Amino acid sequence: MNLHRIFLLLLGVCVGVNLPAQTARHDHDPPPAWSLRKDQDGIKVYGRTGDNSGFDDLKVETILPGRLSSLAAVILDVGNYPNWSFNSEKAYILKTIGPAELYFYSLVHSPWPANDRDLAVHLVIRQDSSTRKLYISADEIANFIPEKKGIVRVPLSVERWVVTPLPGDRISISYELRLNPGASAPAWLINLFAVKGPFETFSHLREQLKVPKYYGATVPFFRN
């Protein structure tokens, strides 16, 4: 979860660079095909030209150990995000709507001289009763909380997960991210290095799913 962080470590190398951004895609154009950019340790990271923000969309496909309840337990443990989500500095719940719906705050560390980023996110996890697939959405909500001095508010972050249970306590994950990190970050340069964040995040997520409190978790409102 929270791969909105994936570009932000790169912002430090971008400050002060004033070069043309890539050409944006028009609204009426069909989305381009996904292009495989990294395939290592069972984690595939894809990219494609994004919308008018200029930042590439990203997709991750992987199979990880664990059950649906294992992943749900990790995702709902917001305060633990810094232990696996790339460059996460702090995360905490702002408002709980229900057992699988909440709003949370995320602070993302950016190396000097770039400012840190933050955002408020609406997280929803639902399950298809027939297929048992989990559908997870995590969307940045503009103006949900006031902006903080010295911290750049991320203007756009949209995440979508589809999680499919597999035999042998395994799960198949398809994850997509659309992001604009804000503050005139040069899209062309950030896109060059965008694979690092999702790959490391899902590598760390694999290890979190092995932690006993998550691997053996029971989430009564989801069927494994």
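**Close-up 1. Asparagine N80, a buried loop residue.** N80 is buried in this predicted model, its relative accessible area being 10%. Because the limit for a buried residue is under 20% relative accessible area, the value of 10% places N80 in that class. The residue lies in the loop that runs between helix 1 (68-76) and strand 4 (88-98). Its side chain is engaged in a polar contact with the side chain of N83, at 2.5 Å. When neighbours within four places in sequence are left aside, the residues in contact with N80 are Q208 and Y214.

**Close-up 2. The hairpin of strand 1 and strand 2.** Strand 1 comprises residues 35-40 and strand 2 residues 43-48; the two pair in the antiparallel sense through five bridges. Within this pairing, L36 is found opposite Y46 of strand 2. Two residues separate the strands of the hairpin, and D41 adopts a positive phi near 55 degrees there.

**Close-up 3. A nonpolar patch on the surface, with L94 as one of its members.** The patch is formed by Y92, L94 and F144, which together present about 230 Å² of accessible area. L94 is located in strand 4. With a relative accessible area of 31%, L94 is partly exposed. Patch residues must have over 30% relative accessible area, so L94, at 31%, satisfies that cut-off. In a regular strand, side chains alternate between the two faces of the sheet.

Definitions and conventions: Residues numbered from 1 in each chain as written. Predicted model: local features only at pLDDT ≥ 70, side-chain atom pairs only at ≥ 80, totals over all residues. Heavy atoms only, no water. Pairing = 2+ DSSP bridges. Helix = DSSP H or I, 4+ residues; strand = E, 2+ residues; numbered from the N terminus. Buried < 20%, exposed > 50% of the residue type's maximum accessible area, 1.4 Å probe, protein only. Polar contact = N/O pair within 3.5 Å; in protein donor to acceptor, adjacent residues only side chain to side chain. Contact = heavy atoms within 4.5 Å. Patch = residues over 30% accessible without salt bridge, like charges linked within 9 Å, V, L, I, M, F, W, Y side chains within 5 Å. Areas by Shrake-Rupley, 256 points an atom, 1.4 Å probe, with all protein chains shown as cover. Salt bridge = Lys/Arg side-chain N within 4 Å of Asp/Glu carboxyl O.
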